[in-house]
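Hi,

Here's the structure I promised to send over. Have a look at it first, and then read my notes below.

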Amino acid sequence: MAERGGFGEAATAESLSAPAPGMSPPLGWKERLRAGLAGAGASLWFVAGLGLLYALRVPLRLCENLAAGTSSLISGLIFIFEWWYFHKHGTSFIEQVSVSHLRPLMGRTESSISEPGSSSSNRESETSRQNLSECKVWRNPLNLFRGAEYSRYTWMTGKEPLTYYDMNLSAQDHQTFFTCDTDFLRPSDIVMQKAWRERNPPARIKAAYQALELNNECATAYVLLAEEEATTIVDAERLFKQALKAGETVYKQSQQCQHQSPQHEAQLRRDTNVLVYIKRRLAMCARKLGRIREAVKIMRDLMKEFPPLTMLNIHENLLESLLELQAYADVQAVLAKYDDISLPKSAAICYTAALLKTRTVSDKFSPETASRRGLSTAEINAVEAIHRAVEFNPHVPKYLLEMKSLILPPEHILKRGDSEAIAYAFFHLQHWKRIEGALNLLQCTWEGTFRMIPYPLEKGHLFYPYPSCTETADRELLPTFHHVSVYPKKELPFFIHFTAGLCSSTAMIALLTHQFPEIMGIFAKAVLGLWHPQPWASSGFEEST
């Protein structure tokens with residue numbers, strides 16, 4: 001059965017193009033200059049080409065030859081435009097115009113008579129809407145700490161691991177989670193509302209201290225300091241514990257007043273979000289500091305106390321911690337609850353399910369033995385689980401097999417995209433290495449997935465067709481120094497290659513013929529002589545003098 005669950009509430013990848021407050025520009029002047037030069041590469045080549053033509057205008061007599069080579073020039077311009085359009089939009093401009101405009105005009109009567117045609121168009125529009133729903137940006141459930149991890153990476157390498165777009169999304173998340181309409185009732189909340197909108201990190205930290213001066217029990221101020229000022233996980237945990245103490249007090253007060261007005265209900269939702277966020281980050285601190293059982297207990301308690309907040313994907317944090325404990329029975333119990341057709345899927349769900357099935361056969365698996373005797377039932381189940389996981393996110397295996405280098409995961413991910421693959425492999429590679437033979441079985445079987453998926457990707461096998469919008473969103477989420485993985489690979493159609501060769505050869509022959517008519521005439525006669533040899537050329541006799 002096709003597993004086509006919805007993807008819940010998340011921010012659409014295209015919806016946050018305008019910069020929002022709450023973050024600093026991520027690049028220094030050197031990085032901005034380098035990125036600008038990389039982005040302006042096509043323009044520089046175009047200018048260089050124009051300069052070359054200008055320099056060679058006299059020896060090539062371009063002004064005199066313009067009239068003679070007009071058709072070749074137009075053909076070349078059409079080819080250049082077609083090449084640019086395909087690389088930008090992933091489709092041929094000529095093909096798109098033919099399908100979108102010419103075919104309806106030529107087949108209007110048939111489409112108006114045929115009812116099945118309209119139903120197929122409805123199915124196509126429904127499929128496009130389903131693909132669009134998959135291109136959602138989600139908060140990374142295992143995102144790192146800015147001060148203690150992302151900033152340390154920047155200090156060590158001089159590279160910015162987070163993009164401006166990613167931090168922009170985080171700023172809007174913070175404003176959604178940590179602010180509400182009743183902030184004007186508490187002066188410290190007014191200051192923090194401005195702090196979350198501030199672009200400059202030092203200004204945000206300064207505002208957090210100002211809020212603590214107004215109210216020593218301001219939980220969100222401690223949260224900001226733990227996320228951005230703390231340079232170690234130990235310091236972050238200390239600040240989050242202070243935030244927890246303040247957050248629990250405010251949460252209890254909000255519970256008592258929640259039925260007084262809609263404003264109080266909004267305040268309770270905000271205080272609930274703050275409390276859940278603090279406890280979750282405390283669990284992640286405990287996990288990073290080696291207190292894994294404590295982290296598991298906090299996560300389990302959170303999932304019991306706040307079951308409606310499943311959209312926060314706390315179960316993915318729990319899965320990773322249980323795998324670290326090697327509590328595979330508990331991992332299977334969590335998967336039995338969340339690996340359901342009605343719930344959204346993720347790389348963590350699919351690949352963890354594959355890992356558990358692989359674990360039962362990987363230590364004795366051998367490709368040579370399997371080719372001789374065939375696969376056992378358990379091995380077939382493991383291979384099918386791997387194929388299912390790879391179909392959901394085809395980018396993950398290259399990171400698990402270390403065929404592609406890892407970077408720090410972003411704060412937001414796109415499901416089925418390269419960003420999700422990085423986030424999964426960054427934390428779960430160690431779990432695959434721990435199980436003997438698991439990576440060997442993955443390496444032997446993962447590419448077989450693509451033989452099962454229809455091509456072109458008009459429909460999927462177990463999931464919806466792979467969305468076409470992942471590359472654009474991943475390039476926004478991932479830093480410029482990372483080579484984004486693209487699936488499926490865009491290949492130029494044959495007719496574009498053919499048109500390119502035809503236009504180029506025609507233009508070159510026309511230019512050479514006009515410049516060197518005598519030489520080209522001799523060359524043409526020689527070529528024609530090869531194609532149509534004279535009768536005496538092969539008679540075996542020589543002419544007598």
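What follows is a short tour of one helix, some salt bridges and a surface patch. Please keep in mind that this is a predicted model.

Let's start with helix 11, which covers residues 187-197. Its buried residues are Ser-188, Asp-189, Val-191, Met-192, Ala-195 and Trp-196. If you look down the axis of helix 11, these buried residues fall within an arc of 155 degrees, so they line one face of the helix. The general rule for an α-helix is 3.6 residues a turn, so residues three or four places apart point the same way. On the face of helix 11 turned away from the buried side you'll find the exposed residues Pro-187 and Lys-194. And what sits over the buried residues? The cover includes helix 10 (164-178), helix 12 (201-214), helix 13 (219-228) and helix 15 (262-288).

One of those buried residues also takes part in a salt bridge: the side chains of Asp-189 and Arg-270 meet at 3.5 Å, N to O. This pair links distant parts of the chain, with Arg-270 in helix 15 and Asp-189 in helix 11, 81 residues apart. Arg-270 is buried, and Asp-189 is too.

Two of the covering helices are joined in a similar manner, through a salt bridge between Glu-228 and Arg-204 (2.9 Å, N to O). Glu-228 belongs to helix 13 and Arg-204 to helix 12, so the pair ties together parts that are 24 residues apart in sequence. Both Glu-228 and Arg-204 are buried. They also belong to a network of salt bridges that links Arg-146, Arg-204, Glu-228 and Glu-411.

For a pair that is not buried, try Glu-294 and Arg-291, whose side chains form a salt bridge at 2.7 Å, N to O. Glu-294 has 35% relative accessibility, so it counts as partly exposed. Arg-291 counts as partly exposed as well, because its relative accessibility is 30%. The count of salt bridges comes to 21.

Last stop, the surface. Met-508, Leu-512, Phe-516 and Ile-519 form a nonpolar patch there, with about 380 Å² of accessible area together. Phe-516 is in the loop between helix 26 (494-515) and helix 27 (517-531). With a relative accessibility of 42%, Phe-516 counts as partly exposed, because that label covers values between the 20% limit for buried and the 50% limit for exposed.

Cheers

Conventions: Residues are numbered from 1 along each chain as its sequence is written. This is a predicted model: local features need pLDDT of at least 70, side-chain atom pairs count only at pLDDT 80 or more; totals for chains, interfaces and linings use all residues. Side-chain values use heavy atoms; hydrogens and water are left out. Patches are made of residues with over 30% relative accessible area and no salt bridge: like charges are joined within 9 Å, nonpolar side chains (Val, Leu, Ile, Met, Phe, Trp, Tyr) within 5 Å. Accessible areas come from the Shrake-Rupley method with a 1.4 Å probe; for residues, only the protein chains shown count as cover. A salt bridge is a side-chain nitrogen of Lys or Arg within 4 Å of a carboxyl oxygen of Asp or Glu. Helices (H or I, at least four residues) and strands (E, at least two) are DSSP runs, numbered from the N terminus. Buried means under 20% relative accessible area, exposed over 50%, partly exposed in between (1.4 Å probe, protein chains only). The arc is that of the directions from the helix axis to the C-beta atoms. Contact means heavy atoms within 4.5 Å.
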